[in-house]
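Me: I'd like to go through this protein with you and ask why things are called what they are called. Could you set each value against its definition?

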Amino acid sequence: METKTVRVDTWVWAVRLVKSRSRATAACRAGRIKVNGNTVKAAYALKVGDQVSYRVDGFDRVVEVTRLIYTRVGAPVAQTCYLDHSPPRPPRLAMAALPVRERGSGRPTKRERRQLDELRGRDTNAQRRRG
């Protein structure tokens, strides 16, 4: 059943952007959900054509509302209710590039610690300079 407006927390839950409606409400309260660039409350009346952005895992998911629903539906049906305009996420760093110390080998030596700091991009001399 389609209506002219629907609550933003209900719609975000219904199209499966969040797992539960209570999480959608909490995301609105925390300011993670924006409609047309403005932070909104959970009861905001969403309309067709609005652009909803949802901050998840440090990245924005941007979707345009094409159809309003207020009950949770299957994933294939849910995907027809919005157009995804999200920018692609950057690739994750390969975990194999980081050195692995053997378990039980004790604390790293000063030399090993400096090598790890250099690999991680930290300035090892910064603390000595503050002195």
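Me: What makes R7, D9 and R21 a network of salt bridges?

Reply: A salt bridge is a side-chain nitrogen of Lys or Arg within 4 Å of a carboxyl oxygen of Asp or Glu. R7 and D9 have their closest N and O atoms 3.1 Å apart, and for R21 and D9 the closest N and O atoms are 3.5 Å apart. Both values are within 4 Å, so both pairs count as salt bridges. R7, D9 and R21 are thus linked in a network. Keep in mind that this is a predicted model: local features need pLDDT of at least 70, side-chain atom pairs count only at pLDDT 80 or more, and totals for chains, interfaces and linings use all residues. Residues are numbered from 1 along each chain as its sequence is written, and side-chain values use heavy atoms, with hydrogens and water left out.

Me: Why is D9 called buried?

Reply: Buried means under 20% relative accessible area, exposed over 50%, and partly exposed in between (1.4 Å probe, protein chains only). D9 has a relative accessible area of 1%, so D9 is buried. R7 is partly exposed, because its value is 35%, and R21 counts as partly exposed at 35% too.

Me: How do you know that R55 and D60 form a salt bridge?

Reply: Their side chains meet at 3.2 Å, N to O, and that is within the limit for a salt bridge. R55 is partly exposed at 39%, and D60 is partly exposed at 38%. By this rule the count comes to four salt bridges.

Me: What makes W11 and Y82 an aromatic pair, and why is it called edge-to-face?

Reply: Rings of Phe, Tyr and Trp (its six-membered ring) pair if their centres lie within 6.5 Å; planes under 30 degrees apart count as stacked, over 60 as edge-to-face and the rest as tilted. By this rule the count comes to one aromatic pair. W11 and Y82 are 6.4 Å apart, centre to centre, with 80° between the planes. The distance is within the limit and the angle is over 60, so the pair is edge-to-face. W11 is in helix 1 (residues 8-14) and Y82 in strand 7, 71 residues apart, so the pair links distant parts of the chain. Helices (H or I, at least four residues) and strands (E, at least two) are DSSP runs, numbered from the N terminus. Both W11 and Y82 are buried.

Me: Why is D57 called exposed?

Reply: D57 has 63% relative accessibility, and this is over the cut-off for exposed, so the name fits. D57 lies in the loop between strand 5 (51-56) and strand 6 (59-65).

Me: What is notable about the phi of D57?

Reply: Most residues other than glycine have a negative phi. The phi of D57 is near 55°, a positive value in a residue other than glycine. N36 also has a phi near 55°, and N36 sits in the loop between strand 2 and strand 3 (38-39). At 43% relative accessibility, N36 counts as partly exposed.

Me: Why is V35 called buried?

Reply: V35 has 2% relative accessibility, which is under the cut-off, so V35 counts as buried. V35 is in strand 2 (residues 33-35).
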